[in-house]
Amino acid sequence: MTFRRLAEYLQRLEETPLRNKMTQILSELFGEAKNREIGKICYLLLGRLAPLYQTIEFGLGERMIIRAIADGLYKEAATVTKKFKKSGDLGITVEQIKNISGFNKGKALSLNDVYEALMTIAIASGTGSQEQKIKKLGELIQEVDSLSARYIVRIPIGKLRLGFSDMTILDSLSFLINGTKKHRPVIERAYNLRADIGFIASVVKGEGIEKLEGIQPQVGTPILMARAERMSSSKEIIDKIGKGAIEAKYDGFRIQAHLKRNKKKGSNEFIKLYSRNLEDVTLMYPDIVEGLKQQIKADEAIIEGEAVAYNPNTGEYLPFQETVQRKRKYDIEAKAKEIPLKLFVFELLFKNRKSYINDWYEIRKKELKKTVGRGETILFAPEEVTDNPKRLEEIFQDAVSRGLEGVMAKKLDGVYRAGARDFSWIKFKRSYAGKLTDTIDAVVMGYDFGQGKRAGFGIGDFLIGVYDNQSDMFLTIAKIGTGLTDEEWRAIKVRSDKLKVNGKPLNYEVDKIMDCDIWIAPEIVVEIRADEITRSPVHTAGRIMGPSKSGSAIEVKEAGLALRFPRLEKFRDDKTPTDATTLKELKEMLKKQKKL
Ligand code: AMP
C-alpha cells in the first residue's frame, strides 16, 4: 500500500464524526492492507510507531518541525510560522505550502518507506541528531504529496488525534472478519493478555481469529492490569466473596514486572517495569530492577505489586506525595538513594512458560511465595485469610492506623481478570469509611490552558488555596484537573476570565511548579470534597522552608498540606475569600483525620 492511500483513509476518518462509520472505514482499510502492513498501520493510526508500552519519542518540537518544513520546501521559517499562526495546525500549514508552491504531487512512497523514515528520525540520537532529524523530515516532506505531508508532520508532535483509541481498532478487527462486532470479546480478551495492537491485528489478518483464542501472555508484552471494585462495609465484602485474603492497600503505584533470564551464566537479564497505564518505567526505578534481579527465582516471570516509599527501620510507609517524587526522568539515582522504594508483590501471572492467569488467587499467591527470594526490596504482601466481617473490620482499622489507605479483599478462588474491574478484588478504603467528611472552602487562584478535548474550553486545570489569617496570604493546597462536568469547566473559565490579573498577586504564596498560565484575583470560593489531607512539598499551605545543610540553598523542611483526589462540589457565592477555610482550620482537620 502506498502512504498516499493510507492518507486518504486518514482524511476520511478525520471527516467522520460517527463511531460506526469510523469502524467501517477502518475495517475497509484493514481489508486492503497486506498482512505485513496491518501492524504498522495500527500504530500509525494511534499516532505512534510502536505499541503503547514502547517509548519511542521523536524529540522534535514545533519549532523543529517548522524548520524541517522550511528546509524541505525552500521557504523561510518565518513564512511557515506565519501560516502556522493562522491555521494553528502544522499539518494544514505544510499541505497549504505544498499546494501553492507546486510540490503537491510528490512520489508515491510506500507505507513501509514512510514508516521506516519516521523510525529513523525517531531513533536518531547523540550529537548532531537534532540536525539529522530535521534534515530527514524535510526530505520526507519534500518527497511525498501534500495530503501525506499533512499527516506525516502531525505524528512527531503527537497531533494526529483521529478521535478513537485502541478499542475502536478492536471493533474494526471484528468487522474485518464478518462485518459485525461479534468477535470483539475474543479479540479483546487476547488484547488484554498481549497489549500490542499491531500484533493482535496481524494475527487476526494473517492467521485468523481461532489463533487468538489460544494466545498466552509473553514476557516483554504487558498484560492489561486487573482492577478492583469498591465496597463500603466489611459485611458487604464478606457477603460478596466469602472467604477472602485480606491485604494492605498500599498507597503507591502499581508495577507489572517482566523478567527473563538468559540461561548462560553472567549474561544479562531482560527486565521491564510497566505502570498501570502501560508506560515503560524501567529506567525510573533502578532499585526495583536490582531487587528483582537478586530476588526472583525463576527463568521467566511476570509479577505485580505496589511500589511504595517505605522505611523498614521504623516500619513507616511514606505518604504518596513522597513516593510520587520517584516518578521522574532526571536525577534518578540520587532520588533512589533518598527515597528508596519497596515493591510489595501480590500477583504472579506467568512463570517459566506457564500462564497462571486462569488459576485461583490462592494458587497464584502460593507460587508467588516460592518465587520471591529473601531480600530488602521485593517484599511479599502479607495477607490474612478470613470470612469474619468483624475480623476484616479490625484488619482495616489496623491498616488505617499504620497510615495505609485501607485494605484489599481478594476472593480466594478468583481468576486474574486482565483489563477488567471485578469483584475478585474489592477495595475498602478510608474515604468510604468517612475519613474526611468535612468539605473545604477554597479560593481559586489561577488556571492553566487545556490540552486535548479540554482545549475547547481554554482551561485544563485550576489552582486552589486556603486563607492564612496570620499572614493574610493565600496558600495553595491543590491543582484540580478532573472531575468537573463540561458545564462546570465553562463556568469556572467564564468567572475566572472576569478576574484576570497581570502576574501573580502579591498575597499568593505559590511554589514555582504550581505556576499558572493565567492568574486571577482572589474572589471565587469553591467547595471542595477530597479523600484526605496529605503532605506535599509543592504546596505552600503550612509548608516550612529553611536553609539546606550547606547553607547554599533554601529547601523544604516540612512539606505543606495538600488534598488527595479533590473534586468540586459547588461554587460558594455566599462566601468571601477571607471566609474560606483557613490554614489553622485545615491543620485541625488533619489532626482529626489522624485520630480516625
Ligand atoms: P484504586 O486505584 O483505588 O482503584 O485501587 C486499586 C489500586 O490499588 C491498584 O491498581 C494498585 O495500584 C493498588 N494496590 C495497593 N495495594 C494493593 C494490593 N494489596 N493488591 C492490589 N492492588 C493494590
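A residue is counted as near a molecule when one of its heavy atoms lies within 4 Å of that molecule. By that criterion, 13 residues surround the ligand in this predicted model, and the closest are Arg 254, Arg 276, Glu 306, Lys 410 and Lys 427.

**The ligand and its surroundings**

Three of the distances between polar atoms of the protein and the ligand are set out below.

| Residue | Protein atom | Ligand atom | Distance |
|---|---|---|---|
| Tyr 250 | backbone N or O | nitrogen | 3.0 Å |
| Arg 276 | polar side-chain atom | oxygen | 2.6 Å |
| Glu 306 | polar side-chain atom | oxygen | 2.4 Å |

Taken on its own, the ligand has 490 Å² of accessible area, of which the protein covers 90%. The residue Tyr 250 takes part in this listing through its backbone, whereas Arg 276 does so through its side chain, as does Glu 306.

**The five-stranded sheet**

An open sheet is built from five strands in the order β1-β12-β11-β2-β10, and the pairing within it is mixed. Because β1 (227-230) and β10 (383-386) each have a single partner strand, they stand at the edges of the sheet, and one side of each is left without a neighbour there. On average, and with direction ignored, neighbouring strands of this sheet are turned by 35° against each other.

At one of these edges, β10 pairs with strand β2 (residues 244-249) in the antiparallel sense, over four bridges. Within this pairing, Glu 247 has Glu 383 of β10 as its bridge partner.

Two helices pack on the sheet. Helix α14 (residues 234-241) touches β2, β10, β11 (406-411) and β12 (421-429), and the direction of α14 makes about 160° with that of β12. Helix α18 (residues 361-371) touches β2, β10 and β11, and in this case the direction of the helix makes about 55° with that of β2.

**Domains**

The domain assignment of the protein gives domain 1 as residues 227-429 and domain 2 as residues 440-595. The C-alpha centres of domain 1 and domain 2 lie 33 Å apart, and contact between them involves six residues of domain 1 and eight residues of domain 2.

**Two loop residues**

Asp 280 is found in the loop that runs between β4 (270-274) and α15 (286-295). The side chain of Asp 280 makes a polar contact of 2.5 Å with the side chain of Thr 282, and a further polar contact, of 3.1 Å, joins the side chains of Asp 280 and Lys 272. When neighbours within four places in sequence are left aside, Asp 280 is in contact with Tyr 53, Thr 55, Lys 272, Leu 273 and Tyr 274.

Ile 157 lies in the loop between α9 (146-154) and α10 (166-178). Not counting residues up to four places away in sequence, Ile 157 touches Leu 60, Gly 61, Glu 62, Ile 65 and Leu 90. As for its relation to Pro 319, Ile 157 is 162 residues apart from that proline in sequence, and the two residues are 35 Å apart in space, C-alpha to C-alpha.

Notes:
Residues are numbered from 1 along each chain as its sequence is written. This is a predicted model: local features need pLDDT of at least 70, side-chain atom pairs count only at pLDDT 80 or more; totals for chains, interfaces and linings use all residues. Side-chain values use heavy atoms; hydrogens and water are left out. Two strands pair if DSSP finds at least two bridges between them. Axes are lines fitted to C-alpha atoms, for helices over the stretch in contact, and angles run from 0 to 180 degrees between N-to-C directions. Contact means heavy atoms within 4.5 Å. A polar contact is a pair of N or O atoms within 3.5 Å; within protein, one must be able to donate a hydrogen and the other to accept it, and residues adjacent in sequence count only if both atoms are side-chain atoms. Accessible areas come from the Shrake-Rupley method with a 1.4 Å probe; for residues, only the protein chains shown count as cover. Domain bounds come from an automatic or database domain assignment.
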